[in-house]
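Biologist: Could we take a close look at one part of this protein together? I am new to reading structures, so please walk me through it slowly.

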Amino acid sequence: MRTTDLVNSAAKFIQIHTNQSYQESKIEAEEIFMHVLGINKSKIYTNISISMTKDEHDQISRILNKRKSDIPLSYVLKKHSFYNHEFFVDENVLIPRPETENIIDQIITQGDKLYRDIKRCNFLDAGCGSGCVGITLAIERPSWNIFLSDINMNAINVAKKNSHLLNQQDIKFICGDWLKPFKPKSFDFIFSNPPYIALSDQRIDKSVLNNEPHSALFSGVDGLNDIKKIILSSKKILSDQGILLIENGIDQTDKISRLLQANDFTDISVHIDYNGHGRFTSSYKK
Ligand SMILES: C[S@@+](CC[C@H](N)C(=O)[O-])C[C@H]1O[C@@H](n2cnc3c(N)ncnc32)[C@H](O)[C@@H]1O
């Protein structure tokens, strides 16, 4: 059988057994063949046929069967690409989202300005999960002091593993409840992608609901429990003129802006994601 036919039939299998479009399923099928056969994408389409060993064939079948049970491919392959770096992921951490990847450039722009002004950037990624945000920034901005925290020690262990895999040994890790472990004025920049989904939200994808950690997703009746805690404590933990940048639900920006104003934050800006939704809110401590 031609390689492209094998990939196409795997894509159809994934499409039939998951909630995904053919296009999305095809991308996954290509990823599975590249992973198991150790080839790049062009090889799939330039090689007329590839001879597979029985072991490779069995591996592909096992992966497809896991996808049939709707386990996300990133958990099956134990890896996910974020800002061009490969992160280890497992069921202890949220699979990094493209929305979050899209805010990295904005964080760098705001952090660089701060660094120019005060010659320092003590940066906290609060609720780090896999560590995708903080570790990416450690790679992109080696002069910043990067701290990663999470309440879940299993998530911290995944983030630590990623810091080793990506050669970032200077990062500091703290396990604790949001900003409670830190002294006043500890950070110049706090980023958080906290849980922000309302408990009653019916729109959440079944595969996400059944596989990803609920402690990374849900936050009380309106989804704002954790964001409120972070805003209230950031006032103390940020240095003067420090930046708070939060990822949030698309219908939460008005409430969050009001909360920030009430807590003496200024220059509040809403940043849109690639779908044109207000997905992030940044502000400065007065
Ligand atoms: C939406 S996930 C974000 C993970 C990662 N930053 C990302 O963008 O992929 C939220 C993270 O917040 C952590 N978390 C939940 N409650 C927390 C708390 N009270 N204190 C610190 N971290 C918390 C969860 O364990 C989870 O790893």
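Which residues in α11 meet which residues in α12?

Modeller: Happy to help! Please keep in mind that this is a predicted model. Let's begin with your pair of helices. On the α11 side you will find Ile227, Lys228 and Ile231, and they meet Ile256, Leu259 and Leu260 in α12. Sorted by character, the residues of this contact are five nonpolar, no polar and one charged.

Now look at how the two helices lie. Helix α11 covers residues 225-237, and its axis is 10 Å from that of α12, at an angle of about 25 degrees. Angles under 35 degrees count as roughly parallel, and α11 and α12 are therefore roughly parallel to each other. As α11 passes α12, the crossing is right-handed.

Next, follow α12 to its other neighbours. Seven strands form an open sheet with mixed pairing, and their order is β5-β4-β3-β6-β7-β9-β8. Two strands stand at the edges, β5 (172-175) and β8, and each has a single partner strand, so one side of each is left without a neighbour in the sheet. From one strand to the next, the twist averages 15 degrees.

Let's go into the sheet at β3 and β6. Strand β3 (residues 122-126) and strand β6 (residues 187-192) run parallel and are joined by four bridges. Within this part of the sheet, Leu124 stands opposite Ile190 in β6. Helix α8 packs on the sheet here, touching β3, β4 (145-150) and β6, and its direction makes about 170 degrees with that of β4. Your helix α12 (residues 253-262) also packs on the sheet, where it touches β7 (238-247), β8 and β9. The direction of α12 makes about 165 degrees with that of β8.

Those last strands deserve a look of their own. Strand β8 (residues 265-272) and strand β9 (residues 278-285) run antiparallel, with six bridges joining them. One facing pair to find is Ser269 and Ser282, the latter in β9. The hairpin of β8 and β9 has five residues between the strands, and in this hairpin Gly276 takes a positive phi near 80 degrees.

For contrast, here is another pair of helices, one of which you have just met on the sheet. The axes of α7 (residues 104-118) and α8 (residues 132-140) come within 11 Å and cross at roughly 55 degrees. That makes α7 oblique to α8. The crossing of α7 and α8 is right-handed. In this contact, α7 supplies Ile104, Ile107 and Ile108, while α8 supplies Val133, Thr136, Leu137 and Glu140. These residues divide into five nonpolar, one polar and one charged.

Finally, let's step back to the whole chain. The protein chain is divided into domain 1 (3-69) and domain 2 (98-285). The C-alpha centres of the two domains lie 35 Å apart. For one more helix pair, try α2 (residues 22-37) and α4 (residues 54-68), whose axes come within 10 Å and cross at roughly 145 degrees. The crossing of α2 and α4 is right-handed. Among the residues making this contact are Ile32 and Phe33 of α2 and Ile60 and Ile63 of α4. The contact of α2 with α4 divides into seven nonpolar, two polar and three charged residues.

Methods. Residues are numbered from 1 along each chain as its sequence is written. This is a predicted model: local features need pLDDT of at least 70, side-chain atom pairs count only at pLDDT 80 or more; totals for chains, interfaces and linings use all residues. Side-chain values use heavy atoms; hydrogens and water are left out. Axes are lines fitted to C-alpha atoms, for helices over the stretch in contact, and angles run from 0 to 180 degrees between N-to-C directions. Angles under 35 degrees count as roughly parallel, over 145 as roughly antiparallel, 65 to 115 as roughly perpendicular and the rest as oblique. A crossing is left-handed if the near helix is turned anticlockwise from the far one by less than a right angle, and right-handed if clockwise. Contact means heavy atoms within 4.5 Å. Ala, Val, Leu, Ile, Met, Phe, Trp, Tyr, Cys and Pro count as nonpolar, Asp, Glu, Lys and Arg as charged, and the others, Gly among them, as polar. Two strands pair if DSSP finds at least two bridges between them. Domain bounds come from an automatic or database domain assignment.
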